[in-house]
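Please open the model in a viewer and keep the sequence panel visible. The tour below proceeds by selections, each followed by a description of what is found there.

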Amino acid sequence: MNDPVALPGIDPIDRLAILAAALPGAVVGRRHIAAPFEAVWQVIADLEHSTPRYEPGVAHVRVIEERGEYLRLLVRDTEGREDEMDARLRPGWCLMQSATVVIAFAARRLGSETLLAHLEHRRGQTPAPGRSGPDHRRAALAKIDQELHLIERLAARHGP
C-alpha cells in the first residue's frame, strides 16, 4: 500500500491534513475526546468489532490478510455489497482505501485526553445534483461528527 505521507516524525494530525489537501473534496472532522489515547486507539484499531458500531454504512469488517501494520480488509456495507480495502494501522494512524473510498484516522495525546481526526473521501465520483456544495459538505461533516461522538462513547467504556 502506498502511503503518500509516511515520513517519520510527522505528527499524525498534520499527516491527515496533508492527505486531505491532496484529495479534493475530502471531508475532515476533529474532536477532543475525553478519554486517554490508549482507550481511543483501542476503538479505532479494533476494525472488525468497532467499525460497524460507529460507521452507519458498515455492517461487517473482516481482516483477511495481515502483514505487520499492513492489512487487507473485506468490508460489507449495510446493503450487502462487499469491497476489499488496503489498510495501514499503527498507533495514531489508520489509513484505509479501496478503488472508491479513502478513510483515515489520526490521533494525538492531549494530556489525559485525545485529539482525534477523521477523513472521508469518495474517489472519482462527480456529486449528483443536490449532493454538492455547502449542504452536502455540512451533511458529511455532521456524519463524521456523529461517528466521532460514538467513538468517544466507545472509548469511555475502554478507559481506566
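With which residue does K143 form a salt bridge, and how far apart are the closest N and O atoms? Select K143 and E147: the two form a salt bridge, and their closest N and O atoms are 2.2 Å apart. A salt bridge here is a side-chain nitrogen of Lys or Arg within 4 Å of a carboxyl oxygen of Asp or Glu.

Before the next selection, some conventions apply. This is a predicted model, in which local features need pLDDT of at least 70, side-chain atom pairs count only at pLDDT 80 or more, and totals for chains, interfaces and linings use all residues. Residues are numbered from 1 along each chain as its sequence is written, and side-chain values use heavy atoms, with hydrogens and water left out.

**Stop 1: the network around K143**

Both K143 and E147 lie in helix α4, four residues apart, which is about one turn of the helix. Helices (H or I, at least four residues) and strands (E, at least two) are DSSP runs, numbered from the N terminus. K143 is partly exposed at 28% relative accessibility, whereas E147 is buried, with a relative accessible area of 1%. Buried means under 20% relative accessible area, exposed over 50%, and partly exposed in between (1.4 Å probe, protein chains only).

Now add E55 and E120 to the selection: salt bridges that share partners join E55, E120, K143 and E147 into one network. E55 is in the loop between α3 and β2, and its relative accessible area of 13% makes E55 buried. Leaving out residues up to four places away in sequence, E55 touches E120, K143 and E147; contact means heavy atoms within 4.5 Å.

**Stop 2: helix α3**

Select residues 47-54, which form helix α3 and whose buried members are L47, S50, T51 and Y54. Looking down the axis of α3, one sees these buried residues fall within an arc of 105 degrees, so they line one face of the helix. The arc is that of the directions from the helix axis to the C-beta atoms.

**Stop 3: the whole chain**

Colour the model by secondary structure to display four helices and seven strands. Read from the N terminus, the order of elements is α-β-α-α-β-β-β-β-β-β-α. Of the 160 residues of the protein, 42% count as buried. Among contacts between residues at least 6 apart in sequence, 53% join residues at least 24 apart.

**Stop 4: strands β3, β4 and β5**

Select residues 70-77 (β3) and 82-90 (β4), which pair in the antiparallel sense over seven bridges. Two strands pair if DSSP finds at least two bridges between them. The bridge partner of L74 in β4 is E84. Four residues separate β3 and β4 in their hairpin, and G80 in the turn has a positive phi of about 95 degrees.

Extend the selection to β5 (residues 93-97), which runs antiparallel to β4 and is joined to β4 by five bridges. Here L89 stands opposite C94 in β5. The hairpin of β4 and β5 has two residues between the strands, and G92 takes a positive phi near 90 degrees.

**Stop 5: salt bridges of β4**

The whole structure holds 15 salt bridges. Select E69 and R88, whose side chains meet in one of them (2.5 Å, N to O). This pair links distant parts of the chain, with E69 in the loop between β2 (58-67) and β3, and R88 in strand β4, 19 residues apart. Is each partner buried or partly exposed? E69 is partly exposed, with a relative accessible area of 24%, while R88 counts as buried at 11%.

Next, select R72 and D86, whose side chains form a salt bridge (2.6 Å, N to O). R72 lies in strand β3 and D86 in strand β4, 14 residues apart. R72 counts as partly exposed at 23% relative accessibility, as does D86 at 30%.

**Stop 6: the nonpolar cores**

Finally, select W41, L73, M96, F105 and L116, which touch the most other members of the largest nonpolar core, a set of 33 residues. A nonpolar core is a set of buried Ala, Val, Leu, Ile, Met, Phe, Trp, Tyr and Cys residues joined through side-chain atoms within 4.5 Å. Helix α4 (residues 133-158) gives the largest share of this core, seven residues. Another core, of 14 residues, lies apart from it and includes A20, L95, A104 and A117.

Centre the view on F105: beyond its neighbours within four places in sequence, the contacts of F105 include L16, W41, I44, Y54, M96, L116 and I151.
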